[in-house]
Amino acid sequence: MSKNVVLGVTGGIAAYKALDLVSKLRKKDINVDVIMTESATKFVTPLSFQSLSQNQVIVDMFLEPKSWEIQHISLADKADVLAIVPATANVIGKIANGIADDMLTTTVMATKAPVLIAPAMNVNMYENPIVQRNIQILKQYGYHIIEPIEGRLACGYVGKGKLNDIDLIFDYIEMLLEKKKDYLGKRVLVTAGPTVEYIDPVRFISNRSSGKMGYAIARAARNRGAEVILITGPTNLAPPVGVKVIRVKTAEEMFKEVMKYYPEVDIAIKAAAVADYKVEGTSKVKIKKTEDSFELKLIKNKDILQEMGKAKSKQILVGFAAETNDLIKNAKLKLEGKNLDMIIANDVTEENSGFDHDTNTVKIIKNDGQIIQLPNMLKEELANIILNYILELKVKR
Ligand SMILES: Cc1cc2nc3c(=O)[nH]c(=O)nc-3n(C[C@H](O)[C@H](O)[C@H](O)COP(=O)(O)O)c2cc1C
């Protein structure tokens, strides 16, 4: 277990949501030490956090210590990230004004780790200029604030004050935990997901791409310091924080956006499954069920990867080949024919691989002919391996 998160939980209705965060962090083998405020224990018991984190939960700063370590100092030092989820108006006010009167605020005061604060409260509390001023102060000191979102609040009000998604908070913590910053200063364009081609206003043709591979690459590159532009077809995935996300639907829209950003980037990784064909003469009105059969004529879309290969100047261009047969042969043809620097060949018929799986089995083919055969692994792990190989590439111009 290499990484440590100290999680502060304060006294708001959303405290129960922090349980889910602990569980997500533990699944990634991240150690979690939970500090609860006295008020937080009125909402959720320390036992729940203790069970999920498998660590003793700390509430009382003056409890008889088990060892001679001073606990708030040792936790402050141990933390790679200190996150407060949810953060009350009270705790925000205390930290912004240098008050350290309990275990959580004292640990915040003593830590040099990045501190992430996710406020959650009634909309009127959140809009209170004093709370807003305190948040501004914290931002100025470099604290990371994950703004609440609009929604129906527990108090019955509708407005901004709801704790942001736990997935997004988790994503932000992962970003802060990454220490390797070998992509710092690099601009990376990633495409992900399927495209859709409309038959009429309510029907379309698409494919089974979930976007998971591309999103994993975008996150990994961001974690390692890159400035990332993610151009994505429709997916059910949460947009990564700290990434410029551009949503498109059709291959034509993806082509337009890719070509707009391509000249400015150092590396382009095309993980999207772009439709090869579109419908000729998309109907402007919904097609009625009058005929027993009707024919659709498909015409070729622009080959985005090919166009990128042609327009390549300084960029490293990486493609994906999803194949069902002759994997290496087809991938090599694509690598050479489209002027790529590297291709990730993916046999989508293999078990636990390709579309919609969390894992993938691929072969990486480099422009010098080297083939790297990788075992089945999580797409997140694979994303990092792909990024490692990109940095090793000797680019032919
Ligand atoms: C039922 C109930 C719900 C509360 N929900 C919130 C909340 O969501 N956000 C908030 O800032 N305060 C909320 N409060 C007020 C805090 O619990 C109160 O300010 C407390 O002093 C916060 O202590 P702490 O910051 O040390 O945890 C709530 C209070 C009650 C009784």
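A crossing of two helices is left-handed if the near helix is turned anticlockwise from the far one by less than a right angle, and right-handed if clockwise. With that in hand, here are two exercises on this predicted model.

**Exercise 1.** Describe how helix H4 packs against helix H7, from geometry to residue classes.

*Solution.*
1. Start with the axes: H4 (residues 89-96) and H7 (residues 129-140) pack at an angle of about 50 degrees, and their axes lie 9 Å apart.
2. Next, classify the angle. Angles of 65 to 115 degrees count as roughly perpendicular and those under 35 as roughly parallel; H4 and H7 are therefore oblique to each other.
3. Now the handedness: H4 passes H7 in a left-handed crossing.
4. Then look at who touches whom. H4 brings Ala89, Ile92, Gly93, Ile95 and Ala96, which meet Val131, Asn134, Ile135, Ile137 and Leu138 of H7.
5. Finally, sort this contact by class: eight residues are nonpolar, two are polar and none is charged.

**Exercise 2.** Work out the same items for helix H4 and helix H5.

*Solution.*
1. H5 spans residues 103-110, and its axis is 10 Å from that of H4, at an angle of about 40 degrees.
2. The pair H4 and H5 is therefore oblique as well.
3. As for handedness, the crossing of H4 past H5 is right-handed.
4. On the H4 side the contact uses Val91, Lys94 and Ile95, and on the H5 side Leu104, Thr105 and Val108.
5. Sorting the residues of this contact gives four nonpolar, one polar and one charged.

Key. Residues numbered from 1 in each chain as written. Predicted model: local features only at pLDDT ≥ 70, side-chain atom pairs only at ≥ 80, totals over all residues. Heavy atoms only, no water. Axes fitted to C-alpha atoms, helices over the stretch in contact; angles between N-to-C directions. Helix = DSSP H or I, 4+ residues; strand = E, 2+ residues; numbered from the N terminus. Parallel < 35°, antiparallel > 145°, perpendicular 65-115°, else oblique. Contact = heavy atoms within 4.5 Å. Nonpolar A, V, L, I, M, F, W, Y, C, P; charged D, E, K, R; others polar.
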